[in-house]
Amino acid sequence: MRFIVYLIVYPFLWCISMLPFKLLYLFSDFIYLIVYYVIGYRKKTVRENLALALPHLSAEERLSIEKKSFRHLCDMFLEMIKTMTISKKEIEKRFVFTNMEVYKKLEEQEKSIAMMLAHYASYEWVISMNAYVTFSAFAIYKKIANPYFDKLVRDIRSKFKASLVTTKETIPTIIKNNRNKKLSIYGFASDQSPKITSAFHWQKFMGIEVPVHTGAEILAKKYNMNMIFLKVKKAKRGYYEASFEVLSENAKEIPNYEITDKFLTLVEQQIYEAPEYYLWTHKRWKHKR
């Protein structure tokens with residue numbers, strides 16, 4: 001049955017990916033109307049998250065952010081589909097790295113790199129970074145239940161030389177690469193809520209104390225990796241700018257969780273600058289104290 005669903009949906013997705021960007025965003029506007037006004041996809045969750053994280057704003061201001069965030073969510077979903085057929089030249093024009101030299105200096109140290117980023121602006125098109133790196137690139141993601149769609153997502157995201165590894169495959173992959181002296185960069189989207197049973201560290205995020213993912217920092221310390229933060233900014237519709245900030249060049253010497261806390265602070269700054277580009281549909285504050 002899951003294969004039949006895939007066979008039905010795949011041609012539709014491919015046709016969407018072939019749309020020129022002007023038509024793609026017109027279609028996104030239509031999808032937004034359906035998702036927001038008809039289906040109301042996770043609208044309650046978004047509204048609750050905005051009230052928790054941005055209590056200083058008026059109800060009208062939060063409603064404006066809410067609607068803009070759904071518009072952006074639809075754009076980003078279609079941009080991911082567009083990746084099926086987008087050219088290297090086109091994606092590099094639309095997703096620009098403003099200070100790649102900062103990253104390159106870390107590569108010169110010949111140590112693997114843990115790159116932390118948030119579910120903000122476009123985390124899908126970060127894959128275009130592989131055109132500039134010499135290390136092997138691994139993006140960590142949550143496996144999709146339908147194996148056929150899981151393979152499709154893996155194919156889309158690995159189009160530009162990135163290898164996708166599930167959360168369960170992460171540690172074995174790092175161990176193997178470390179053993180084989182394979183210099184690598186690992187992408188950790190570390191701003192979402194971990195399982196409460198895996199909550200080793202709590203910290204305030206947007207003013208609310210929540211459990212925090214610490215895996216990137218723990219693994220960087222254990223396997224002597226450099227750590228870097230990737231900040232993505234939406235310049236305009238369909239165009240993004242990304243910049244790097246070094247978090248640590250010797251993680252072992254930094255007190256536990258200090259790097260993770262710095263990452264959270266940088267994500268907060270992103271959100272306060274333009275909250276409409278954050279992924280508010282996730283239940284980031286489902287565990288709090």
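This text walks through the sheet, the helix crossings and the empty spaces of the structure above. The model is a predicted one.

Start with the sheet. Seven strands build it, and the sheet is open. Read across, the strand order is 1-9-8-2-5-3-4. The pairing is mixed. Strand 1 (95–97) and strand 4 (163–166) are the edge strands, and each of them pairs on one side only. From one strand to the next, the twist averages 30°.

Now take the pairs one at a time. Strand 8 covers residues 226–236, and strand 9 covers residues 239–248. These two strands run antiparallel and share nine bridges. To find one contact on the model, look for V232, whose bridge partner in strand 9 is A242. Strand 8 and strand 9 form a hairpin, with two residues between the strands. In that hairpin, G238 has a positive phi near 85°.

Strand 8 also pairs with strand 2 (residues 113–117). Here the direction is parallel, and four bridges hold the join. M115 marks the place, standing opposite I228 in strand 8.

Step on from strand 2 to strand 5 (residues 184–189). This pair is parallel too, with five bridges. M116 has F188 of strand 5 as its bridge partner.

Next comes strand 3 (residues 136–141), which is joined to strand 5 by four bridges. Strand 3 and strand 5 run parallel. A137 and I185 are bridge partners, with I185 in strand 5. Strand 3 pairs with strand 4 as well, again in parallel and over four bridges. F138 stands opposite S163, a residue of strand 4. With strand 4 we are at an edge of the sheet.

Turn to the helices. Helix 4 spans residues 59–82. How does helix 2 (residues 21–39) pass helix 4, and at what angle do their axes cross? The two axes come within 9 Å and cross at roughly 130°. That angle makes helix 2 oblique to helix 4. The crossing is right-handed.

Helix 3 (residues 43–53) also meets helix 4. The axes of helix 3 and helix 4 come within 10 Å, and the crossing angle is roughly 130°. Helix 3 and helix 4 are therefore oblique to each other. Their crossing is right-handed.

Helix 4 leads on to the empty spaces. Rolling a probe the size of a water molecule over the atoms shows where space is left empty. How many cavities of 30 Å³ or more does the structure hold? There is one. The largest cavity contains about 90 Å³ of space. Its lining is made up of 15 residues. S69, L73, Y278, L279 and W280 lie nearest the centre of this cavity. Helix 4 gives the largest share of the lining, with five residues. Which classes of residue line the largest cavity? Eleven are nonpolar and four are polar. No charged residue takes part in this lining.

The last stop is a pocket. The second largest pocket has a volume of about 250 Å³. Thirteen residues line this pocket. Nearest its centre lie S112, N178, K181, L183 and Y223. Which element supplies the largest share of the pocket lining? Helix 8 (residues 170–179) does, with three residues. By class, the lining of the second largest pocket has five nonpolar residues, four polar ones and four charged ones.

To find these places again, use a few landmarks. In the sheet, go to V232 and A242 for the pairing with strand 9, and to M115 and I228 for the pairing with strand 8. Among the helices, go to helix 4, which helix 2 passes in a right-handed crossing. S69 and W280 are among the residues nearest the centre of the largest cavity. K181 is one of the residues nearest the centre of the second largest pocket.

Methods:
Residues are numbered from 1 along each chain as its sequence is written. This is a predicted model: local features need pLDDT of at least 70, side-chain atom pairs count only at pLDDT 80 or more; totals for chains, interfaces and linings use all residues. Side-chain values use heavy atoms; hydrogens and water are left out. On a 1 Å grid over the protein atoms alone, a cavity is a set of points where a 1.4 Å probe fits but cannot get out, and a pocket is an open set with protein on both sides within 12 Å along at least five of seven lines; lining residues have an atom within 4 Å of a point. Grid points are joined across faces, edges and corners, and a volume is the space filled by probe spheres set on the points. Ala, Val, Leu, Ile, Met, Phe, Trp, Tyr, Cys and Pro count as nonpolar, Asp, Glu, Lys and Arg as charged, and the others, Gly among them, as polar. Two strands pair if DSSP finds at least two bridges between them. Axes are lines fitted to C-alpha atoms, for helices over the stretch in contact, and angles run from 0 to 180 degrees between N-to-C directions. Angles under 35 degrees count as roughly parallel, over 145 as roughly antiparallel, 65 to 115 as roughly perpendicular and the rest as oblique. A crossing is left-handed if the near helix is turned anticlockwise from the far one by less than a right angle, and right-handed if clockwise.
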